[in-house]
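Biologist: I am new to this structure. Please pick one part, look at it closely, and then show me how the rest fits around it.

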Protein chains: 2
Amino acid sequence: MLTIGKMANATGVKVPTIRYYEQIGLLPDAERSAGNQRLYAKNALERLRFIRHARELGFPLEAIRDLLALSDKPDQSCAAADAIAKRQLQAVRARIARLQALEVELQRMVTQCEHGKMSDCRVIGVLGNHELCQHDHAEESFTG
Amino acid sequence: MLTIGKMANATGVKVPTIRYYEQIGLLPDAERSAGNQRLYAKNALERLRFIRHARELGFPLEAIRDLLALSDKPDQSCAAADAIAKRQLQAVRARIARLQALEVELQRMVTQCEHGKMSDCRVIGVLGNHELCQHDHAEESFTG
DNA sequence: CTAATGTCTCTAGTAACTATAGGTTCAAGA
DNA sequence: TCTTGAACCTATAGTTACTAGAGACATTAG
């Protein structure tokens, strides 16, 4: 049986985060030692590794919750898991596209800067006056 | 003088968001009508447009706060504003790079899926076992 | 004048943690 | 055996940038 600190070391997930995952039901309530400290078996370690890897790939916790539920049913079709991964792929691609548009505009702001006074500053100018900006980003909103 | 609703229409920033910006000091406290409703002059409209455009470009509110302070000093050098924009450009590029790595891995998970049973599922398999994953993402953490 | 719409304040909720306070347990060395 | 220090416990609040809701007041069109 592993303490919460060993779990944290083995997975790279911080101790408070493990407790948080338990609190929101992503990990089952851990067993406890005589002194009330959490103790984990190997399957809990695997579950936590699964969660961590999925988080690294950008899956939101709710999607991970669904994936964990699915992985507990080995006889079912994996179409549902596939759908979740596809959604995530779409989300990642959409984010990349939006960020690349931002990159272009930021790059232009920065390269046009001539290090003069604030009153001539490209950065301030473009931000204050959308006309100076060739890129139309009416539909954008920054969420990451 | 514009009501808060007109401001929202003119800029695309929602009414509660405008109040929020005032609350955190990004917009100055608005004047009020006899009936205690907010009234804005044209310079407040420009300030809000500036904020919105900067948000669309992904600047965090704290960076915008700094940019607004700088833009109020037209005689100073614009080097500080330039630095903020450069930082933002770096942040955007780092995000793009990380998301592209995720894209590759998600794509592989999805295309390898053969729609069998959960027990053979690539998606679940890769998430549960980092060995199946050719991409090393030890240093990643998903923040958007 | 009335009805509909707009606005007010305040509180709480979102995602996914992180930090802090104040206390308890455990493992190792003297 | 005692003690020290690290690791652990709970509970609450803070983070970012808003969004949603309740319940009351203001304004405007007809």
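Modeller: One definition is needed at the start: contact means heavy atoms within 4.5 Å. Keep in mind too that this is a predicted model.

The part to look at is M109(A). This residue is found in helix α5 of chain A. Is M109(A) buried or exposed? M109(A) counts as buried, because its relative accessibility is 1% and the cut-off for buried is under 20%.

Now look at what surrounds it. Set aside the neighbours within four places in sequence. M109(A) is then in contact with R122(A), V123(A), V126(A) and L127(A) in its own chain. M109(A) also contacts L57(B), F59(B) and A85(B) from chain B. V123(A) sits 14 residues away along the chain. Yet the C-alpha atoms of M109(A) and V123(A) are separated by 5.4 Å.

F59(B) deserves a second look. The largest nonpolar core has 86 residues. Within that core, F59(A) and F59(B) touch the most other members. The contacts of F59(A) can be listed, again without residues up to four places away in sequence. In chain A, F59(A) touches A54(A), I64(A), L67(A), I84(A), A85(A) and Q88(A). In chain B, F59(A) touches L106(B), M109(B) and L127(B).

How are the two chains related? A rotation of 180 degrees superposes chain B on chain A, with 0.0 Å of shift along the axis and an RMSD of 0.1 Å. That is the relation of a two-fold axis. What surface do the copies use to meet? Of the interface residues of chain B, 100% are also interface residues in chain A, so the copies meet through the same surface.

Two residues touched by F59(A), I64(A) and L67(A), lead on to helix α4 of chain A. This helix covers residues 61-71. Its buried residues are L61(A), A63(A), I64(A), L67(A), L68(A) and L70(A). What covers them includes α2 (15-23), α3 (42-56) and α5 (79-111) of chain A, together with α6 (122-128) of chain B. Now turn to α4 of chain B. The buried residues there are L61(B), A63(B), I64(B), L67(B), L68(B) and L70(B). Their cover includes α6 (122-128) of chain A, along with α2, α3 (42-56) and α5 (79-111) of chain B.

From α4, follow L61(B) to Y21(B). Y21(B) lies in helix α2 of chain B. Y21(B) is buried, because its relative accessible area of 8% falls under the 20% cut-off. Beyond residues up to four places away in sequence, Y21(B) touches V13(B), L26(B), L27(B), L48(B), I51(B), R55(B) and L61(B). One of these, L48(B), is 27 residues away along the chain, and the two C-alpha atoms are separated by 9.0 Å.

Y21(B) also leads to the DNA. A polar side-chain atom of Y21(B) lies 2.8 Å from a phosphate oxygen of DNA strand D. S33(B) has a polar side-chain atom 3.3 Å from a phosphate oxygen of that strand. G35(B) uses a backbone N or O atom, at 3.4 Å from a phosphate oxygen of DNA strand D. Two elements give two or more residues to the surface near this strand: α1 (4-11) of chain A and α2 (15-23) of chain B. α2(B) gives the most, with three residues.

In total, 18 residues surround DNA strand D, and the closest are G5(A), R19(A), R38(A), T17(B) and R55(B). Sugar and phosphate make up 90% of the strand D atoms that come within 4 Å of the protein. By class, the surrounding residues are five nonpolar, eight polar and five charged.

DNA strand C comes next. It has 18 residues around it, and Y21(A), R55(A), G5(B), R19(B) and R38(B) come nearest. Of its atoms within 4 Å of the protein, 89% belong to sugar or phosphate, and the rest to bases. A polar side-chain atom of Y21(A) lies 2.8 Å from a phosphate oxygen of strand C. For R32(B), a polar side-chain atom is 3.0 Å from such an oxygen. L61(A), buried in α4, places a backbone N or O atom 3.4 Å from a phosphate oxygen of strand C. α2 of chain A and α1 (4-11) of chain B each supply at least two residues of this surface. α2(A) has the largest share, three residues.

How values were computed. Residues are numbered from 1 along each chain as its sequence is written. Chains are lettered from A and ligands numbered from 1 in the order in which they are written. This is a predicted model: local features need pLDDT of at least 70, side-chain atom pairs count only at pLDDT 80 or more; totals for chains, interfaces and linings use all residues. Side-chain values use heavy atoms; hydrogens and water are left out. A residue is near a molecule or strand if one of its heavy atoms lies within 4 Å of it. A polar contact is a pair of N or O atoms within 3.5 Å; within protein, one must be able to donate a hydrogen and the other to accept it, and residues adjacent in sequence count only if both atoms are side-chain atoms. Helices (H or I, at least four residues) and strands (E, at least two) are DSSP runs, numbered from the N terminus. Ala, Val, Leu, Ile, Met, Phe, Trp, Tyr, Cys and Pro count as nonpolar, Asp, Glu, Lys and Arg as charged, and the others, Gly among them, as polar. Copies are superposed by least squares on the C-alpha atoms of residues with pLDDT of at least 70 in both. Buried means under 20% relative accessible area, exposed over 50%, partly exposed in between (1.4 Å probe, protein chains only). A nonpolar core is a set of buried Ala, Val, Leu, Ile, Met, Phe, Trp, Tyr and Cys residues joined through side-chain atoms within 4.5 Å.
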